[in-house]
Amino acid sequence: MNTLDKRATKILFDSFWKNGWIDPASRITTPEDFAYAKQKGLMFDALDISHDALVEQILLLRKQIPEEKPAAAFLSSFSAQRADWRSGIASWHFAAKLTAHDYLEKNAAGASPAQTVFRNAYTPHHCVICGAEREYQAEDLNVLNFERVKWGGVRHGELMYVLLDLQLLSQCDIPEPSAADVEIFRKILAEIKASAPKDQPGALRNRLTDIIALSKDQRSVLLEILAIIGVLKAQRADRPARGSGGDWMYVADWRGEDGYDAGAVSQYFARWGFASDEAVSPV
């Protein structure tokens with residue numbers, strides 16, 4: 001599944017988007033179109049799965065996928081124009097933070113909402129450890145894959161998305177990043193370094209237009225992914241948001257003065273020459 005089938009991609013997109021989100025009541029995908037997109041690996045049957053099975057499958061995928069693969073996919077996504085490849089490194093990171101555990105709700109006896117990296121962990125009727133529900137019935141994976149292919153994912157940190165993302169990444173033969181891919185990432189890091197101390201994520205996102213041809217939303221997701229894997233790491237968590245600050249999640253507290261984390265860059269990308277002593281630590 002290294003090349004996205006054009007017809008199947010159009011079917012997937014037309015199921016959810018037409019100059020904006022299509023009202024669910026108006027969504028129509030013919031059985032013939034669905035069967036075609038499913039055969040091409042872009043649409044899926046609804047999924048029933050329990051919390052325990054969800055966690056178990058993610059942990060298994062985490063063992064099966066080497067760390068170099070999501071990192072290579074992230075870099076290769078630039079020249080290949082594959083936002084879906086960019087997503088996998090964030091899901092792999094979340095999987096690496098996941099441990100085997102029993103379902104536990106926030107309001108259950110003895111449950112303590114400890115700090116967690118996962119979304120929905122503080123939501124009623126979700127596991128306080130990982131944010132998953134106890135049981136999923138007829139879960140729509142297609143909207144998740146639409147968001148993944150169009151933008152690079154929206155629901156990072158939700159285990160259902162982590163599962164789908166890693167399953168699809170595991171099926172891809174990711175090419176070795178090109179010299180052009182590596183250079184693009186170097187330019188992104190240099191742009192981070194050039195940020196003014198009080199720059200918010202939106203200012204950095206705007207400047208990336210000179211480096212890589214991505215949509216505004218794709219650039220936003222790119223910064224969120226860099227925050228998830230620790231490259232864009234906020235040194236403080238009490239900074240007030242201004243303007244569009246509410247649009248961000250994982251990167252919301254980052255400011256230009258934070259620079260980027262040299263250790264995180266080296267952890268994922270040292271194979272392509274990004275050694276920690278060459279990277280720029282926060283100023």
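## A tour from Arg 82 through the core to the charged pairs

Begin by selecting Arg 82, which counts as buried because its relative accessibility is 6%. The model on screen is a predicted one, and every value quoted along this tour is computed from it. Arg 82 sits in the loop between helix 4 and helix 5, and if Asp 5 is selected as well, the two C-alpha atoms turn out to be separated by 13 Å, although the residues are 77 places apart along the chain. Arg 82 also belongs to a network of salt bridges that links it with Asp 84, Arg 148 and Asp 165.

Within that network, show the side chains of Asp 165 and Arg 148, which meet in a salt bridge with an N to O distance of 2.8 Å. Asp 165 lies in helix 7 and Arg 148 in helix 6, so this pair ties together parts that are 17 residues apart in sequence. Both Asp 165 and Arg 148 are buried.

Return to the loop that holds Arg 82 and select Gln 81, which is placed in the loop between helix 4 and helix 5 (83-97). Is Gln 81 buried or exposed? Gln 81 is exposed, since its relative accessible area is 66%. Its backbone deserves a look too, for the phi of Gln 81 is near 55°, a positive value in a residue other than glycine. Most residues other than glycine have a negative phi. A second case is His 125, whose phi is positive at about 65° although it is not a glycine. His 125 is found in the loop between helix 5 and strand 2 (135-139), and with 55% relative accessibility it counts as exposed.

Now step back into helix 4 (residues 68-80) and select Lys 69. Lys 69 is buried yet takes part in no salt bridge, and the nearest side chain of opposite charge, that of Asp 173, is 5.5 Å away; the cut-off for a salt bridge is 4 Å between nitrogen and carboxyl oxygen, so that separation lies beyond it. What lies 3.4 Å from a polar atom of the Lys 69 side chain? It is the backbone oxygen of Ser 170. Setting aside residues up to four places away in sequence, Lys 69 touches Leu 169, Ser 170, Cys 172 and Ile 174.

The next selection is the largest nonpolar core, which has 82 residues, and in which Phe 74, Leu 159, Phe 185, Ile 188, Leu 226 and Phe 269 touch the most other members. Helix 7 (residues 159-170) gives the most to this core, with nine residues. In soluble globular proteins, nonpolar side chains tend to be buried together. To see a part of this core in detail, centre the view on Phe 185, which, leaving aside neighbours within four places in sequence, is in contact with Phe 74, Leu 75, Phe 78, Leu 226, Phe 269 and Phe 274.

From Leu 226, widen the selection to helix 10 (residues 216-228), whose 13 residues reach 19 Å from the first C-alpha to the last, close to the 18 Å expected at 1.5 Å a residue. Eleven of the 13 residues of helix 10 are buried, so the helix is largely enclosed by the rest of the structure. The buried residues include Gln 218, Arg 219 and Glu 224 alongside Val 221, Leu 222 and Leu 223. Which elements cover the buried residues of helix 10? The cover includes helix 4, helix 5, helix 6 (141-151), helix 8 and helix 9. Helix 10 is followed by Gly 230, whose phi is positive, near 90°.

Between helix 8 (179-193) and helix 9 (201-207), select Gln 200 in the connecting loop. Gln 200 counts as buried because its relative accessibility is 11%, and its C-alpha lies 7.9 Å from that of Ala 252, a residue 52 places away in sequence.

Finish with the salt bridges, of which the structure holds eleven. Lys 233 forms one with Asp 261, where the closest N and O atoms are 3.5 Å apart. Both residues lie in the loop between helix 10 and helix 11 (262-269), so the pair ties together parts that are 28 residues apart in sequence. Lys 233 is partly exposed, with a relative accessible area of 41%, whereas Asp 261, at 18%, counts as buried. The last stop is the salt bridge between the side chains of Lys 38 and Asp 45, at 2.5 Å from N to O; Lys 38 is partly exposed at 38% relative accessible area, and Asp 45 counts as partly exposed at 42%.

How values were computed
Residues numbered from 1 in each chain as written. Predicted model: local features only at pLDDT ≥ 70, side-chain atom pairs only at ≥ 80, totals over all residues. Heavy atoms only, no water. Helix = DSSP H or I, 4+ residues; strand = E, 2+ residues; numbered from the N terminus. Buried < 20%, exposed > 50% of the residue type's maximum accessible area, 1.4 Å probe, protein only. Lys, Arg positive; Asp, Glu negative; His and termini not counted. Polar contact = N/O pair within 3.5 Å; in protein donor to acceptor, adjacent residues only side chain to side chain. Contact = heavy atoms within 4.5 Å. Core = buried A, V, L, I, M, F, W, Y, C linked by side-chain atoms within 4.5 Å. Expected span 1.5 Å × (residues − 1).
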